[in-house]
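Got the viewer open? Load the model below, switch on side chains, and let's go hunting for charged pairs.

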Amino acid sequence: MMRINSREASAFLAIGLLFLILSGCVSLSDSGQTLPPSALTGDKLTETQIRLVEGAGKVLGARRLDIGGREYPLDCTGTIMAIYAYAGIDLQSPMRRFSGNGVTRLYRYMESLDLLYSSNTPLPGDLVFWDNTYDRNNDGKWNDTLTHVGMVVAVDSDGTVHYVHHNYRKGIVLARMNLLQPDTLVQGNKQLNSAMRMRDGKVYPLWLSSHLYRELGKGWELKS
């Protein structure tokens with residue numbers, strides 16, 4: 001098992017080379033464009049959750065997001081809006097009531113409806129919000145909140161979350177996060193957490209999806 005402990009300075013040397021290979025919003029091993037086998041296998045999913053997971057499968061690898069004649073931006077927020085539109089839920093219109101970047105407006109919308117929560121085992125259709133995935137204000141400080149968003153498509157029995165998101169280099173892809181083992185990159189032959197901190201030539205003690213995780217949003221509870 002390969003472990004990365006963010007509290008030990010020696011970890012910087014251990015992960016330095018690996019970080020150069022995997023740096024970005026997703027690792028190279030997560031570039032497959034099919035939903036994981038665990039997707040849509042549960043019997044407790046709502047019809048909306050099923051549609052959201054199906055929508056995630058539709059947009060994987062897409063170079064243009066056009067749902068029902070409406071085109072969405074090819075970025076992390078646009079990806080979520082398109083997936084939700086596929087399930088019949090309009091996020092774009094109500095988000096306009098809030099200020100900030102797309103991720104912040106989506107987060108504030110979820111907050112206004114009391115749909116934010118935190119759990120080590122999210123649910124399919126959940127929105128996942130992250131902080132500090134890049135230095136948004138270019139001040140060199142760790143103070144960039146709500147910089148990225150994705151959506152859960154499946155959760156394995158060991159707590160590994162499969163989520164879809166827009167990678168700034170690779171486009172719309174699947175990636176992984178395991179909040180039960182947040183410092184573990186790979187266990188055996190399975191990747192548990194994906195690289196999340198955007199590459200800027202530096203190595204950070206916090207760089208995995210699990211490290212930068214902020215909160216979840218039950219957007220799938222919205223009525224279509």
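Select R214 to start: at a relative accessible area of 28%, R214 is partly exposed (buried is under 20%, exposed over 50%, partly exposed in between, with a 1.4 Å probe and protein chains only). Before you click on, note that this is a predicted model, where local features need pLDDT of at least 70, side-chain atom pairs count only at pLDDT 80 or more, and totals for chains, interfaces and linings use all residues. Residues are numbered from 1 along each chain as its sequence is written, and side-chain values use heavy atoms, leaving out hydrogens and water.

Now add D131, which is buried at 13% relative accessibility. Its side chain and that of R214 form a salt bridge at 3.1 Å, N to O (a side-chain nitrogen of Lys or Arg within 4 Å of a carboxyl oxygen of Asp or Glu). The two sit 83 residues apart, D131 in the loop between β5 (127-130) and β6 (148-155), and R214 in strand β11 (residues 213-217). Strands here are DSSP runs of E, at least two residues, numbered from the N terminus.

Next stop: K190, partly exposed at 22%. Which residue does K190 pair with at 2.8 Å? Select D156: that is the salt-bridge partner. This pair spans 34 residues, from the loop between β6 and β7 (160-167), home of D156, to K190 in strand β10 (residues 190-191). D156 is buried, at 17%.

Keep K190 selected and add D158, another salt-bridge partner, with closest N and O atoms 3.0 Å apart. D158 also lies in the loop between β6 and β7, 32 residues from K190.

Last, pick R64, D66 and E71, a network linked by salt bridges. The structure holds 8 salt bridges.

Notes
Helix = DSSP H or I, 4+ residues; strand = E, 2+ residues; numbered from the N terminus.
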